[in-house]
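I am opening the notebook on this entry. I want to look up one sheet and one loop residue, and write down what I find.

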Amino acid sequence: MRIDARGMYYRDLNKMIHQAVKNGETEIVLDNVNGQRYIGTGINEKVRITVNGVPGNDLAAFMNGPEITVYANAQDGIGNTMNDGTVVVHGGAGDVLGYAMRGGKIFIKGNVGYRVGIHMKEYQDRVPAIVVGGTAGDFFGEYMAGGILVVLGLNRKPGDPLTGDYLGTGMHGGIIYLRGEVERYKLGKEVEVFELNEEDEKKLQPFLEEYCAHFGFELEEVLSVPFCKLLPVSKRPYGRLYAY
Amino acid sequence: MIGTFPRIPSGCAISGMMSKKGRRMNGEAVIKSIALMHDRSNGLGGGFAAYGIYPDFKNHYAFHILYSSKQNRIDTETYLKDKFIVDRCEPIPTRNVDNITDPPIIWRYFLLVDGKSLYDNAGQPVDERDYVVEAVMYINNCLDGAFVISSGKNMGAFKGVGYPEDIGRFFCLEDYEAYIWTSHGRFPTNTPGWWGGAHPFCLLDWSVVHNGEISSYGINKRYLEMFNYRCELQTDTEVVAYFVDLLHRKQGIPLELTCKILAAPFWQEIDRMEPEQRAVYTAIRQVYGSALLNGPFSFIIANSRAMIGLNDRIKLRPMTVGIKDDMVYMASEESAIREICPDLDEVWTAEAGEPVIAELEEGVEV
Amino acid sequence: MSVYLPAEFNVQIDHTLCRRCRRCVAECGFGTLSFKGDKVVADHKKCVACQRCVSTCPEAAINVVKNPLAYKENHHWTPEHIKNLHKQAATGGMLLTGGGNDKVYKSYFDHMVLDACQVTNPSIDPLREPMELRTYLGSKPDSLEFRYSENGEYKLKTKLNPQVKLDTPIVFSAMSYGAISLNAHKALASAAKECGILYNTGEGGLHKELYCYGENTIVQVASGRFGVNQEYLNRAAVVEIKCGQGAKPGIGGHLPGEKVNREVSQTRMIPEGSDAISPAPHHDIYSIEDLAQLIYAIKEATGYEKPVSVKIAAVHNVAAIASGIARAGADIIYLDGFRGGTGAAPTIIRDNVGIPIEIALAAVDDRLRKEGIRNKVSIIASGGIRSSADMAKAIALGADAVAVGTAALIAMGCRLCQKCYTGSCSWGIATQRPELVRRLNPDKAAQCLINMIRGWSLELKEILGALGVNAVESLRGSRERLRGIGLNETELNILGIKPAGR
C-alpha cells in the first residue's frame, strides 16, 4: 500500500499506518515524507515500511518489529529505545541515534551525529547493533552497556576523523568495532583498544555483509582495512566513587 | 474600589417571584414577602433585583453605581464616557426612611457600546458583553470609591445596609414594574457597614441572591481568576454570578447542566447512571471540580428570561417553590409565598442539587 | 590510611534477660551482632540503629542508644562534618546516603494550619454523610460541550484526554525494584490495587509477577530506559518520564552491579552484575521541545490512551519549568521536594540542593493559574509528606494528589536508618539479599500499607468535614482554608496564604 504523506501531520500519518498494519498490510510505502515524527513507533508486527523523503525525529522510537528503509537522510533520535526490527537509511543520520536501544539493527549508509549508541544495552538474546558507514561524532557509545556498534569510515574525505572525542565514555558493556585506528586521546577513561580475535570476526562478518548488501559496497573493500575493537575495562566503572 | 473587606459569613432570607408571561408587577408584593421573614435577617443588608423596569431603555446597559464621594463619581463618569455612549445619567430616586442611615451616592447610567470600540489591541473583535464585564471589573477593582451593583439591560439592583423592607421603601420600589423580582434579607455575623456587600450580586443581566455560605469559596475564586474574573469583593455570592456568566453565557453550557456543575451529583449516584449520563456527569466532575459550590446554600439566580432556584447537594438550606397560574414563587419559607399568594396551585420544597428553572413562555417578548 | 571513627550507636544487651537464642545475631543485616563465648556481643561501629534486633528480641533485652561520646562543642564544625571529613580522608570518595534530607530546614507544613467551620457555616459529619475523595489524574479541557439528544438528555460532545481514577488522592512514590526488594514492590502494588490508587515502578523495570497490577501502575521512563519496551509502556495506567528526583536534583541514578542479581537483571533487561546507570539528563532531552518530542513518542507508542507524567525535582525556577512541561503536552506534573527520599544519593546533593515542596507547589500552582493552564495538568506533590495533615495542606496549596515514599516504607517497617544504599536493610525492604528479602511478607506489608492509606483517608474526610465541604475538589487549591503561623510576609506571599488572625 502507498500513502502520499505530503503535508500530512504526523499524528494522521501514523494513524493511517497503524490502521494499515491492523488491516494486515505487510508492505507500506510512504511517499513525500518530510519531517513526520515517530514513524514505526508502537508497531509490533514485522511489516516493511519504505520512507521516501526525510522522516522526522524519533523514527522507530519504541519500535518492536518493523523493517524501515529510508531513501534520504534521517534526522535525530532514530531508534530511540527500540526493541526489535531494522532501520536502513540510505543517507546520513543525526544525533542520538539508537539511544538506549535494546534490540534490532540500524544501518546508516553515511555519517552519524553526536551521542550515537549511548545507553545501548543488551539482554539475553537481544543484542542491538548499529553499523555506521561513514563517521561518527563525539560521545559515540557513551554509557554503552551492551550491543554492537560499528563505524566503517567509508568514503571519508581526507582529514575526516573516524569518530569524535569522548569515545565510549562510561562504557561498561558491549563492543565497539572501528575500521581503522583510533587516537588514544579520543578514548573515554573507561575503555581500552584491543585487536580482533576469531570470535570477533565471526560476530562482525554478518553485519558487514548485510551493510554491503543494503548499500551495494564490496565486502572485500570493507575488509581491506584492519579493524580494532573497544571494550570496557570494567563492568563497574564507577565502583570506587563513593565513601560508604 | 470601596475598601477591601474580609469575607463576611452570613445567614439570610431569600424570596423571588416571576410571571412566565412577562406580566409586570410593582415592588409591593416582593417587599411584603421578604418582610415576613424579617427575623432571618439582622438589619445589616437587604436588596432586590428587578427585571423589566426600564422598557424605554431596554437596549441600554443600565449601570447602578454606588459612590463614596462626589469626586469618585466625577472620576468614574470620565471613565464611563470614554468607554461608552452615555445616553442618560441621573441619581436613583430615594426617600428618607428612619432606619436607613448614611447611604452612599447612588446613580444610574444608560449606556450603549460604540461598535468601533469592540476591537482589541490586535484588531480582533471583542464580544460586547465581555467588553461590558471588563468595564465593570475595572470600576470595581481599580477606581476608588465606586462600585457597580448592576450592569444588565432593562434590569437593576437596589440594595443597601438595612432590613430589606426598609431598603425597598428607601428605593421607592413601588414605583417600578418588573416581571421578575428577587429579594434578599441579610444576617452577616459582623458589621461591614458597606452597601455594596448586600445582595443581590449582579453582572450583566445575571443576579444572585443567596442564603448560606460557600465553604469552597477559596478555590472557586481562584478558578474564576484563571478566566479573568476578579473576586476582590470577598462576598461568596459574587462567585455564583461569575460562574453562571462563565459557564452559561461564555461556554454555552445549558442552564440545567450549569446548575449540575455548581451542585454536582455525588459519585455514588453517578456510578449508578446509564453509561451516557455517567459520561456526562463524570466529565462534569472531572473538569469542573473547582466550580463545585460546597457548603450550605440556596440561591435564586435570575436573568432576563429565567429565574432559577438551586440548593446545595445535601440540602442544608431551605427553599420552597410555589406555582399560581403564570406566577412562580421561590422563597426560604413557604409562609413568605403564602403571604402574597395564599392560594397556590402547587407547592413543593426544592430537592438537594436539583435546579428549579422557571422560564418566560415561548414567544414572550420583554 | 584508615581512620579511627567512633561508633555512632551503642548496642546495649541486658545479659540477665538474654536467653541466648541468637535471634538478634541472625536478624542484623549489618553484621553488628555475633555470639562469642556464652553471650551476644556487639560491634558497635556497625550498628545503624535500624532497631531490627530491638524489635525482634523475644526478651526485649536489647536497646540501642546514641553513643554519648562527646565531640568538643562547636556549632560550626558539627560532629557530622568531622565524621564525614575523616571518612573522605580515608576513601577519597563522595559521601553517600539514603532516605530524605534530614537537615534542620524550616518545614513549612509545620507553619501552616487548617481552617474549620463554626456556626456560621456548618461542619459536616463524615461518619454519617457522603464525603468524596475520588480524584482523577489527567489533562482536563477548560470547558465541556454537550448536545441535546432526541430523548431529552444532554450527551457529552467533548472527548476528554485519558483520566486515571484514584479512590483517595494518594499514590505511592517511585521506588525502583533494585533499590527496594521485590517483596516491597509486591506489597506496594497489591496495596495500591486494594486501595484504588497507584504505585510507581521507579526506573527499574516491571517484574512479570506485577503485570497483573497494571491498572494501578505508573511506569517510569528514566534516562537509562531500563526495562522500557512496548509491553512495559502498555501495561501501565500512567507513563512517567523521570527528569528529576527531589533528593538529588540534577543527579542521576546508579544501581551498583552487586545489586543487579538475576531477577533484577530480568526486569531491568541488562546482564547480571553490570552497573545500572541512568545519569541525568535524558540524552534525548536537551531542551523543552525535546521533552515534548519524548512525551508524544510515548503517546504514539501507547495510542494516546495513557496520561503521561513528568517528574521533576523542586528547584529554584520550578514554576517556569512546570509551565514549560504543561505546554509540552504532559498530563501530569509530579513535583518532588527536597525532603524526598532516595535509595542512594551523594549526601552533599541531598542536603543542599532543591527547595521545599510546599514552596514549589505554591509557586507552580500559582504560575499555572496565572497562565490559565492549570486545567491542562494534574499536579502530584511529594517530598516529605508525613501525615494526612501534610497531605491536606498540600492539596489546599494546589496539589491534585500527593505521593508518599518514605511514609510507605515506614508503614512497611522501615526505621529510617538511611542506609538504603548499603543493600543490607534488615527489614527486607531496601535490599536484594534473599535471606533479608524473605523477612518482608508481601501480604502483611501490603496490609500495613492499606491500613495507612485507610487511616489517612479517614483523617482527610474528618478534615474536609471540619471544613464544611464534602468533596476533596473543594479543598484543592483552596488556600483560603490555610493560615500561616510564624512566617514572614514574603513566605506568606509565596505560599499565597494569610497569617493566622486575618
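Which residue takes a positive phi in the hairpin of strand 11 of chain B and strand 12 of chain B? I note beforehand that I am working on a predicted model. I looked through the hairpin, which has two residues between its strands, and found that B:L204 takes the positive phi, near 50°.

Next I looked up how the two strands of the hairpin pair. Strand 11 and strand 12 of chain B run antiparallel and are joined by three bridges. Within this pairing, I found B:F201 opposite B:V208 of strand 12.

I then followed strand 12 of chain B to its other partner. Residues 206–212 form strand 12 and residues 297–303 form strand 13 of chain B, and the two pair in the antiparallel sense over six bridges. I wrote down two residue pairs here. B:S207 stands opposite B:A302 of strand 13, and B:N211 has B:S298 as its bridge partner. I also checked burial along strand 12 of chain B: seven of its seven residues are buried, and the strand is mostly covered.

I turned to the whole sheet. It is open and has five strands, in the order 11-12-13-14-18 of chain B, with antiparallel pairing. At the edges I found strand 11 (201–203) and strand 18 (356–359) of chain B, each pairing on one side only. Averaged over the sheet, and with direction ignored, neighbouring strands are turned by 15° against each other. I looked for what packs on this sheet and noted helix 6 of chain B, residues 236–250. Helix 6 touches strands 11, 12 and 13 of chain B, and its direction makes about 135° with that of strand 12.

The second item is a loop residue in chain C. I located C:Q163 in the loop between strand 9 (154–156) and strand 10 (164–166) of chain C. Is C:Q163 buried or exposed? Its relative accessibility is 17%, which is under the 20% cut-off, so C:Q163 counts as buried.

I listed what C:Q163 touches, leaving out residues up to four places away in sequence. The contacts are C:Y136, C:L137, C:G138, C:S139 and C:K140, together with B:Q286 from chain B. For C:L137, 26 residues apart from C:Q163 along the chain, I noted a C-alpha separation of 5.4 Å.

Last, I looked at where the side chain of C:Q163 reaches. I found the backbone oxygen of C:S139 at 2.8 Å and the backbone oxygen of C:N161 at 3.2 Å.

Definitions and conventions. Residues are numbered from 1 along each chain as its sequence is written. Chains are lettered from A and ligands numbered from 1 in the order in which they are written. This is a predicted model: local features need pLDDT of at least 70, side-chain atom pairs count only at pLDDT 80 or more; totals for chains, interfaces and linings use all residues. Side-chain values use heavy atoms; hydrogens and water are left out. Two strands pair if DSSP finds at least two bridges between them. Helices (H or I, at least four residues) and strands (E, at least two) are DSSP runs, numbered from the N terminus. Axes are lines fitted to C-alpha atoms, for helices over the stretch in contact, and angles run from 0 to 180 degrees between N-to-C directions. Contact means heavy atoms within 4.5 Å. Buried means under 20% relative accessible area, exposed over 50%, partly exposed in between (1.4 Å probe, protein chains only). A polar contact is a pair of N or O atoms within 3.5 Å; within protein, one must be able to donate a hydrogen and the other to accept it, and residues adjacent in sequence count only if both atoms are side-chain atoms.
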